[in-house]
Amino acid sequence: MKKSAAARLIVAVSMAAVWTAAFVAARAAGDDNAARGERTFDDAIRDHSRDLFAAGRRTFRFDTFGDEHFWGDTLKLHQAIEGARFGGVGPGLSPAAALGAGLKVDAAALPQTLVDGILRGAVDLNDPANTLALLRLNAVLGVVPIGSTSNGGLQSVGVTCALCHSTVDDSVAPGIGRRRDGWPNRDLNVGAIISMAPDLSAVAALLQVDQPTVRAVANSWGPGKFDAELFLDGKPFRPDGRTAATLIPPAFGLAGVNQHTYTGWGSVPYWNAFVANLEMHGSGTFFDPRLNDAAQFPVAARAGMGNVRGDEDNVTSKLAPLHFYQLAIPAPAPPAGSFDRRAAARGESLFNARARCSTCHVAPLFTEPGWAMHTGEEIGIDNFQADRSPDHRYRTTPLKGLWSHAKGGFYHDGRFATLLAVVQHYDATFTLHLTDAEMNDLVEYLKSL
Ligand code: HEC
Ligand code: HEC
């Protein structure tokens, strides 16, 4: 039977009326709930997201997971920071030396008088007492002072995620400004900070080497780098003799990305648990039987890192909020005028077609949805770092916010000093036959992401 247009219209109109009535009734019920002060499940979701965000940010910035037992109690790093005058050892770490090692100061944590003093040059940046004062204000990103001794020193010191994965905008002075959570600190010399610690015997025992060797290895990393895999496989150097450390990556723009780390060890909560337990040495729980493979991970297998049960679990309850907060951190937008728009538009066309970049870097994530893993051969590099991970592959790096971490270079180890060098590498590897102008257009596009 064929309905007339008018009949169909009547059906449509009456359906609409039914929907509208249902909607009004639902609204009224919702209003009633609100009037009675009853929370809907929507309210529960919204409140939960606020709570997760707030707790996650606190954890990211300030939580040591109890790792002061390692950095302070075991390595005695606080003694090197405070110096002999405050009960520690040596001259102590002045604010100038701390800034020189790449540590950053959160201007928002400082009283205005102190900010004014810094701006006037009236604060002695060569006095370790002022480093202690900054620490007690919770102003040094990622470094948490614990307790006080009778001579004004610290009982211990711990570190947080913010140490490596945040920086400041230098709005007050170089190294002093507003926080930028998620931006990799490419000034931070983690190795120099570790080798300041008076007692590295625990690390030496773990790696089965002596303390001078630990110091030499840590000092070989250089600014902006850390070697997370050293504590698993004990390999300090690549076959070419250069450091095996990798660049500290951004912890922004990660929402929607499946695998994390340069070599795709796992998801964000996987890696957060890994880092909090195995690298920061917080007290928690961690399970990954892949680390029991004594051939690939001799250090980890020896130390039982594949199954860690701390005395207390300070980590597991933080994983959900920490994950949520990290996914909320966007990649920063490029500053106005920092790239050539018309060249970038031409570069975008190349990226998506002739240069074949988008086969792996799929917009808007700029990595593959799915299992974004490739062998060294596929991208024209060696497999040394890939072979230090369970899947023996490199993960396609998400590319948003590239402009903000040019310092230290690109690819996991910074082997390409500039974006142009990256593009030239692909041009040669994939025999793309791009002209210099086309390569420049691609670079402008990469700067625009
Ligand atoms: C000592 C410096 C340091 C600290 C502290 C640190 N990280 Fe990292 N982080 C790194 C380095 C280096 C890598 C790269 C590791 C690799 O690929 O092998 C990394 C990788 C990551 C990644 C993967 C990023 C991506 O592109 O997929 C995430 C997420 C991350 N860290 C989060 C955290 C969190 C959360 C904490 C605190 C629980 C933390 N990190 C503490 C240095 C650090
Ligand atoms: C076969 C997949 C694949 C293709 C095709 C590809 N890439 Fe990549 N890209 C990767 C992988 C994997 C990495 C990580 C390499 C590393 O860290 O060592 C990467 C890293 C990069 C980086 C470095 C990011 C950083 O933060 O260090 C840039 C930039 C980049 N690619 C741009 C491009 C451009 C431009 C093209 C096209 C000319 C392209 N890629 C084509 C897989 C690919």
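Into which domains is the protein chain divided? The answer is domain 1 (62–223), domain 2 (250–328) and domain 3 (341–448). Please keep in mind as you browse that this is a predicted model. The protein chain holds 19 helices and twelve strands, and two ligands come with their own shells of residues, one described by its 26 surrounding residues and the other by its 25.

**The chain as a whole**

- Along its principal axes, the C-alpha trace of the protein chain spans about 95 × 65 × 55 Å.
- The protein chain has 449 residues, and 40% of them are buried.
- Looking at contacts with a separation of 6 or more, 66% are between residues 24 or more positions apart.

**Domain 1 meets domain 2**

- The C-alpha centres of domain 1 and domain 2 are 24 Å apart.
- On the domain 1 side, 13 residues are in contact with 15 residues of domain 2.
- The side of domain 1 that touches domain 2 is made of seven nonpolar, four polar and two charged residues.

**Ligand 1**

- Where does ligand 1 lie with respect to domain 1 and domain 2? Ligand 1 lies between them, because both domain 1 (62–223) and domain 2 (250–328) give residues to its shell.
- Of the 26 residues that surround ligand 1, the closest are Cys161, Cys164, His260, Thr261 and Tyr262.
- Three helices each supply at least two residues of this shell: H8 (162–165), H13 (268–279) and H15 (319–328).
- H13 provides the largest share of the shell around ligand 1, with five residues.
- Sorted by class, the shell around ligand 1 has 18 nonpolar residues, seven polar ones and one charged one.

**Ligand 2**

- Around ligand 2 there are 25 residues, and those that come nearest are Cys357, Cys360, Phe410, His412 and Tyr426.
- Helix H17 (376–379), helix H18 (419–429) and H19 each bring at least two residues to the shell around ligand 2.
- Which helix gives the most to the shell around ligand 2? That is H18, with four residues.
- The shell around ligand 2 divides into 17 nonpolar, six polar and two charged residues.

**Helices H16 and H19**

- Two packed helices are described by the angle between their axes and the distance between the axes.
- For helix H16 (residues 341–352) and helix H19 (residues 436–448), the axes come within 7 Å and cross at roughly 100°.
- H16 is therefore roughly perpendicular to H19.
- From H16, the contact is made by Ala343, Ala344, Arg346, Gly347, Glu348, Leu350 and Phe351.
- From H19, the contact is made by Glu438, Asn440, Asp441, Leu442, Glu444, Tyr445 and Ser448.
- By class, this contact of H16 with H19 has six nonpolar, three polar and five charged residues.

**Threonine 263**

- Threonine 263 sits in the loop between strand E8 (246–247) and H13.
- Is threonine 263 buried or exposed? Threonine 263 counts as buried, because it has 22 C-beta neighbours inside 10 Å and the cut-off for a buried residue is 20 or more.
- Leaving aside neighbours within four places in sequence, threonine 263 is in contact with Gln385, Ala386, Arg388, Ser389, Arg393, Tyr394 and Arg395.
- Threonine 263 and histidine 412 are 149 residues apart in sequence, yet their C-alpha atoms are 8.8 Å apart in space.
- Histidine 412 is also among the residues that come nearest to ligand 2.

**Backbone details worth a look**

- A cis peptide bond, with omega about 0°, joins alanine 363 and proline 364.
- Proline 364 lies in the loop between H16 and strand E11 (373–374).
- Phenylalanine 65 has a positive phi, near 55°, in a residue other than glycine.
- The loop between helix H2 (41–62) and helix H3 (68–74) holds phenylalanine 65, which is buried, with 26 other C-beta atoms within 10 Å.
- Aspartate 170 has a positive phi as well, near 60°, and is a residue other than glycine.
- Aspartate 170 belongs to the loop between strand E4 (166–168) and strand E5 (176–177), and with 14 C-beta neighbours inside 10 Å it counts as partly exposed.

Definitions and conventions: Residues numbered from 1 in each chain as written. Chains lettered and ligands numbered in written order. Predicted model: local features only at pLDDT ≥ 70, side-chain atom pairs only at ≥ 80, totals over all residues. Near = placed C-beta within 6 Å. Nonpolar A, V, L, I, M, F, W, Y, C, P; charged D, E, K, R; others polar. Domains from an automatic or database assignment. Axes fitted to C-alpha atoms, helices over the stretch in contact; angles between N-to-C directions. Parallel < 35°, antiparallel > 145°, perpendicular 65-115°, else oblique. Contact = placed C-beta atoms within 7 Å. Buried ≥ 20, exposed ≤ 12 C-beta atoms within 10 Å, placed from the backbone.
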